[in-house]
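Q: Could you walk me through how the labels on this model are earned, one term at a time?

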Amino acid sequence: AIWVSQGSATGLETVFVTFSYYASFTRVMWNFNNIYRNIETNLSEAAQFTELLMDAPKVFDPEAAEPFVLSKPDIEFSNVSFFYEDSEGQHLFKNFDLKINSGEKLALVGRSGGGKSTITKLLLRFMDVQEGEIKIGEKNIKNIRQKDLRNLISYVPQEPIMFHRTIAENIKYGRLDATEEDVKEAARMAHATEFIDELPKGYDTLIGERGVKLSGGQRQRIAIARAIIRNAPILVLDEATSSLDSESEKLIQGALKYLMENRTAIVIAHRLSTIQNMDRIVVLNEGEIIEQGTHRELLEKSGHYAMLWAHQSGGFIEEQEQVFRE
């Protein structure tokens, strides 16, 4: 500092060199800190994945299983008993029976925790039942390879799984050998072209990890297009329109109606307005079927379903019944 105040050239050079070295050293230490943090983060994530991979699978394919050819897509839950491992043996389902005929459109409703989503997980063999059996086409699903079983089912969950790929690739995930025309036709039927055509890159737009660049409704339209292109004989919809606004939902209902034609369909819904036209509505409560019938039949019973309908429609059951009679 004294040298600088006296105007010494040597002092100015010393200060400049000192600060240059200090800046370089700080930059190196900053980069080293970032590298260390990245290594620590990656090691932590790798440890979590390693633990996941080390978990022994709990669902197995049968030995020497032959490819399954479906004769008719009917589904039967026969004397099924099931409980989650962390439920201390408390059964969700106990001697549960449910038959879904080939081509039938069945809706599952009821309060949260009643077992609606568990039925779809058991059908897809994400878990196995402790007792009883689940049959498709009169064959126990435990005797079908998981790949063959899931090829029979188009599944649209409430939170669709999206990949950091293009929109076209995410739709094609439903059927990998689909053509470009198949993808566009599926998107059109799912009313996804309304927003895809407005994107700068259209079907080549990358949607980000888990589809973060899309809204919830847009992700659900992509999932529905994926189900359309899959063209499986059994359709499972788990709150497939929950993220849509009323106008979009009205459009999607038309696509879903087409999608359910000539297919066995299971629809889980909390908004009862979306399942009025189902062939049969099953009301679940704590793993038991407490009511079943058509929308009109259940309203006439003035039971649990009628109470749920009254709650959602503002209590005007009598007016609704009058509409049905007319």
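A: Sure, starting in strand β8, where I268 is the bridge partner of L108. The model is predicted, so local features need pLDDT of at least 70 and side-chain atom pairs pLDDT 80 or more, while totals for chains, interfaces and linings use all residues. Residues are numbered from 1 along each chain as its sequence is written, and side-chain values use heavy atoms, leaving out hydrogens and water.

Q: What makes β3 and β8 a pair?
A: Two strands pair if DSSP finds at least two bridges between them. Strand β3 (residues 105-109) and strand β8 (residues 264-268) are joined by four bridges and run parallel, so by that rule they pair. Strands here are DSSP E runs of at least two residues, and helices are H or I runs of at least four, both numbered from the N terminus.

Q: Which order do the strands of the six-stranded open sheet take?
A: The order is β6-β7-β8-β3-β9-β10, with mixed pairing.

Q: Why do β6 and β10 count as edges?
A: Each has a single partner strand, so one side of β6 (153-156) and one side of β10 (288-293) are left without a neighbour in the sheet.

Q: How do you know that β4 and β5 pair in the four-stranded sheet?
A: Strand β4 (residues 131-136) and β5 are joined by two bridges and run antiparallel; the rule asks for at least two. In β5, N140 is the bridge partner of K135.

Q: Why are V183, A186, A187 and M189 of α6 said to lie on the same side?
A: These residues of α6 (residues 180-189) are buried (under 20% relative accessible area; exposed is over 50% and partly exposed is in between, with a 1.4 Å probe and protein chains only). They cover an arc of only 165° around the axis, going by the directions from the axis to the C-beta atoms, which puts them on the same side of α6. The face turned away carries the exposed E180 and E181.

Q: Why is α6 called oblique to α8?
A: The axes of α6 and α8 (residues 216-230) come within 8 Å and cross at roughly 125°. Under 35 degrees counts as roughly parallel, over 145 as roughly antiparallel, 65 to 115 as roughly perpendicular, and the rest as oblique. The angle falls in none of the named ranges, so α6 is oblique to α8.

Q: Which residues make that contact between α6 and α8?
A: With contact meaning heavy atoms within 4.5 Å, α6 uses D182, V183, A186, A187 and M189, and α8 uses A225, I228 and I229.

Technical notes: Axes are lines fitted to C-alpha atoms, for helices over the stretch in contact, and angles run from 0 to 180 degrees between N-to-C directions.
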